[in-house]
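Here are my notes on how some of the helices pack in this entry, together with a few remarks on side chains. Please read them with the structure open beside you.

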Amino acid sequence: RKAKADLDKTVVWNPGQAVQRTVEQTLPPMPPPARPIDLGATMEVAPTAFTLPEVDDTVLDTSPPSVIPEGMEASAVEYREPAAAEEPAPVGATDDGKAVVGAGLQAGPPSKAKSGLPVWVGLLIAVAVLGAGGFFARAPASGWLMKSGDALVVSGQAAGAVTRYRLAARVKRLPLLHEKLGLALVASGSAAEGRAVLEKTAVEGDVSGAGLFTLGTLARADGKLDQAAQWLAQAAEKSPDQADVVAALGEVEFERGHPAEAAAAFGRVASFKPDFPKIYARLGQAALLSHQADVALDAFQRAVAVDPEFLDGHRALAELYLQGSRWVEAAAAAQVVVEKDPAQLAARFLLARAQAGMKAWKDAAASLKQILQADPRSIEAWSLLAQVQYQGGSARDAIAAAKQALAINVDLSDMYFIQALAYGRLRQPAAALAALRDALVREPGLLAKAQSDPVLASVRRTPQYKRLVKDLK
């Protein structure tokens, strides 16, 4: 009676509403990993399709039972050719559109045996199929129940599949059935129960890559990164050619603070998906954190080679070129971003830094002024503009820019020092000394520069400067 009540709750599949479901669609949203370089949106890793483990026909008979248990007829899955306007066929569909789930699943509904027996005899047989005493019917019944559950999973009815798998597991205990039950529970929204089933199955028997990937994904969602890494590493061993599994492992290693392991994983994914620029970006980030500068540079170069419109890759390249004082290449990479997206102030700032490195002072000042028009409170832009103006020979403009930066943050010692240099160039020793005092009080380490810079030679000869140095010591 309980089995029949469970089955009566099962929703009949409407083929016109069939959709392809994945395990990840039912999970809580993943927390975005931290990134040393802002590459925009989090890389979208395609989730593993909710594929079901293969059935071993030598262990479990998947043919329909000779007698369908009472109550199963009304909820039996029906197959038909999908109309042109319907949703695409689920994963595992054949060329003619008929669903195939697991090994041995045949297109077409299970046929009801025409034995001609009285109804009461059929009921007794049904009890034997579901009960402990019907050993002769166990394998066919469990196999057909599992096959019916597989079809419901493919049609998007994970909740109905849970009922089938529970019944099948009562008839015959196999790790395969429990894994499918766990996956169906997760897909139906019962993540906690599904995880418990999958974990127990993983301990007691063999679990496929799909089950291990699901366990890793759930652990990552709960912030249990060490546990997630263990599950995903096992999933990657089971499914070494599945890019989404290996990519998920790389993301977890990145979040755990293991950039070398993350770089290794992302490198494997790049070999699977050579035309996916964002995986090269993730490889580049991980390589930078693991002090593999050459690997990082190569990764970002490959990213923009695959997709010249991948602006985040160009921006990352500009940063790498700046680190290596490759000013011309840095300016070219940043210029690509600025031309395609003028609103990217970060890329324009990189361009200004590259122009300053090339001593193109006027161009650098122009780039910085464009930034300040959009963001008047950018300390970085005001600070760099003060230095650019000073180096370009505009001492008064340098003082004005430094004062703007100090109006935002009064403790910028380098801005006081720039003012001291600019006043020294304008032959205003008193103002230069006052600015120098403010700089040295905040950062005594600047004294070495003050002692050697020729612009401050006249200031160093004053008694006030000597008294300042004595006070600092």
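Which hand does the crossing of α6 and α7 have? The crossing is left-handed, and since the model is a predicted one, this and the points that follow describe a prediction.

1. To place that first pair, note that helix α6 covers residues 191-204, and that α6 and α7 pack with their axes 10 Å apart at an angle of about 130°. Angles over 145 degrees would count as roughly antiparallel, and α6 is therefore described as oblique to α7. On the α6 side the contact involves Ala191, Arg195, Leu198 and Glu199, which meet Gly211, Thr214, Leu215, Leu218 and Ala219 of α7. Sorted by character, the residues of this contact comprise five nonpolar, two polar and two charged.

2. Helix α7 (residues 209-221) also packs against helix α8 (residues 225-238), where the two axes come within 8 Å and cross at roughly 160°. Because of this angle, α7 is roughly antiparallel to α8, and α7 passes α8 in a left-handed crossing. From α7 the contact draws on Gly209, Leu212, Phe213, Leu215, Gly216, Ala219 and Arg220, while α8 contributes Leu225, Gln227, Ala228, Trp231, Leu232, Gln234, Ala235 and Lys238. Nine of the residues in this contact are nonpolar, four are polar and two are charged. When you look at α7, notice that Leu215 and Ala219 appear in the contact with α6 and are also listed in the contact with α8.

3. Further along the chain, helix α15 (residues 345-357) and helix α16 (residues 361-374) have axes that come within 8 Å and cross at roughly 160°, so that α15 and α16 are roughly antiparallel to each other. Here α15 passes α16 in a left-handed crossing. The contact is formed by Leu345, Arg348, Phe349, Leu351, Ala352, Gln355 and Ala356 from α15, together with Trp361, Asp363, Ala364, Ser367, Leu368, Gln370, Ile371 and Ala374 from α16. These residues divide into ten nonpolar, three polar and two charged.

4. Turning to side chains, where does the charged end of Arg282 sit? The charged end of Arg282 is placed over the ring of Phe254, at 4.4 Å from the centre of that ring. Another arginine, Arg425, lies over the face of Tyr390, with a distance of 4.1 Å to the ring centre.

5. A last point concerns rings facing other rings: with ring centres required to lie within 6.5 Å of each other, the count of aromatic pairs comes to zero.

Notes:
Residues are numbered from 1 along each chain as its sequence is written. This is a predicted model: local features need pLDDT of at least 70, side-chain atom pairs count only at pLDDT 80 or more; totals for chains, interfaces and linings use all residues. Side-chain values use heavy atoms; hydrogens and water are left out. Axes are lines fitted to C-alpha atoms, for helices over the stretch in contact, and angles run from 0 to 180 degrees between N-to-C directions. Helices (H or I, at least four residues) and strands (E, at least two) are DSSP runs, numbered from the N terminus. Angles under 35 degrees count as roughly parallel, over 145 as roughly antiparallel, 65 to 115 as roughly perpendicular and the rest as oblique. A crossing is left-handed if the near helix is turned anticlockwise from the far one by less than a right angle, and right-handed if clockwise. Contact means heavy atoms within 4.5 Å. Ala, Val, Leu, Ile, Met, Phe, Trp, Tyr, Cys and Pro count as nonpolar, Asp, Glu, Lys and Arg as charged, and the others, Gly among them, as polar. Rings of Phe, Tyr and Trp (its six-membered ring) pair if their centres lie within 6.5 Å; planes under 30 degrees apart count as stacked, over 60 as edge-to-face and the rest as tilted. A charge sits over a ring if NZ of Lys or CZ of Arg is within 6 Å of the ring centre and within 35 degrees of the ring normal.
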